[in-house]
Amino acid sequence: MASGATFATLFSACGGSSPTSPSGMASMLGVLAGRFAGSGVQVNVAGSAVADVGGAVLVQSIAGVFLLSRTSANAFTAIDAVCTHEGCTITGADGTTYVCPCHGSRYNRNGQVVGGPAKASLRQFATTFTDGVVTIAL
Ligand code: FES
């Protein structure tokens with residue numbers, strides 16, 4: 001835990017131009033490799049953050065990058081990880097909010113903007129879950 005003095009130092013160094021730092025509050029998502037298989041991207045969730053309900057990861061594949069979160073034992077949400085502002089890959093999370101590292105846009109787990117500068121939602125993809133493998137339908 002940071003001390004109060006450390007926080008005071010950070011805020012004064014920031015110049016007060018923004019109440020939230022783009023990367024200061026977010027932690028990096030873990031990364032999983034997705035396997036492109038015809039009409040979808042397959043992700044083995046064993047041993048990752050999405051092995052547990054509530055977890056989220058960044059999925060990288062030749063078919064694109066996706067933000068995958070687990071909403072229940074058998075349900076996941078998958079959304080495009082390319083920020084709709086200027087195209088950075090979204091790599092951070094602050095609780096259940098995804099955070100873009102470039103200018104701090106924030107999205108909920110369904111891809112809706114909850115903090116700009118981005119204005120457009122991220123595309124959401126259907127998912128299925130079988131034998132420990134999530135398939136993101138493209
Ligand atoms: S590219 Fe994501 S906030 Fe600008």
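Which strands form the open sheet with mixed pairing, and in what order do they stand? The legends below take up this question and others for a model that is predicted.

**View 1. The open sheet with mixed pairing.** Five strands make up this open sheet, and their order across it is 2-5-6-7-12, with pairing that is mixed. At its edges stand strand 2, which covers residues 30-33, and strand 12, which covers residues 124-125, and each of these pairs on one side only. Strand 12 is joined to strand 7 by 2 bridges in the antiparallel sense, and within this pairing Ile79 has Gln124 of strand 12 as its bridge partner.

**View 2. The open sheet with antiparallel pairing.** Another open sheet of 5 strands follows the order 1-8-9-10-11, and its pairing is antiparallel. Strand 1 (27-28) and strand 11 (113-115) each have a single partner strand, so one side of each is left without a neighbour in the sheet. Inside the order, strand 9 (residues 97-99) and strand 10 (residues 106-107) run antiparallel and are joined by 2 bridges, with Tyr98 standing opposite Tyr107 of strand 10.

**View 3. The largest nonpolar core.** This core holds 29 residues, and those with the most contacts inside it are Ala56, Val57, Val59, Phe66, Leu67, Leu68 and Ala78. Two or more residues come from each of strand 4 (40-44), strand 5 (56-61), strand 6 (64-70), strand 7 (76-80), strand 9 and strand 14 (133-137), and the element that gives the most is strand 5, with 4 residues.

**View 4. The surroundings of Val57.** When neighbours within four places in sequence are left aside, Val57 is in contact with Leu29, Gly30, Val31, Leu32, Ser48, Ala49, Val50 and Leu68. Of these partners, Leu68 is, like Val57 itself, listed among the residues with the most contacts inside the largest nonpolar core.

**View 5. The whole chain and its confidence.** The protein chain contains 1 helix and 14 strands, and buried residues make up 30% of its 138 residues. Among contacts with a separation of 6 or more, 44% join residues that are 24 or more positions apart. The pLDDT averages 87 over the protein chain, and 83% of the residues score at least 70, but over residues 1-23 the pLDDT is below 50, and this stretch has 9 contacts in the model beyond near neighbours in sequence. Where pLDDT is low, predicted coordinates should not be read in detail.

Key. Residues are numbered from 1 along each chain as its sequence is written. This is a predicted model: local features need pLDDT of at least 70, side-chain atom pairs count only at pLDDT 80 or more; totals for chains, interfaces and linings use all residues. A residue is buried if 20 or more other C-beta atoms lie within 10 Å of its own, exposed if 12 or fewer, and partly exposed in between; C-beta atoms are placed from the backbone. Two residues are in contact if their C-beta atoms, placed from the backbone, lie within 7 Å. pLDDT is the predictor's confidence in each residue, from 0 to 100. Two strands pair if DSSP finds at least two bridges between them. A nonpolar core is a set of buried Ala, Val, Leu, Ile, Met, Phe, Trp, Tyr and Cys residues joined through C-beta atoms within 7 Å.
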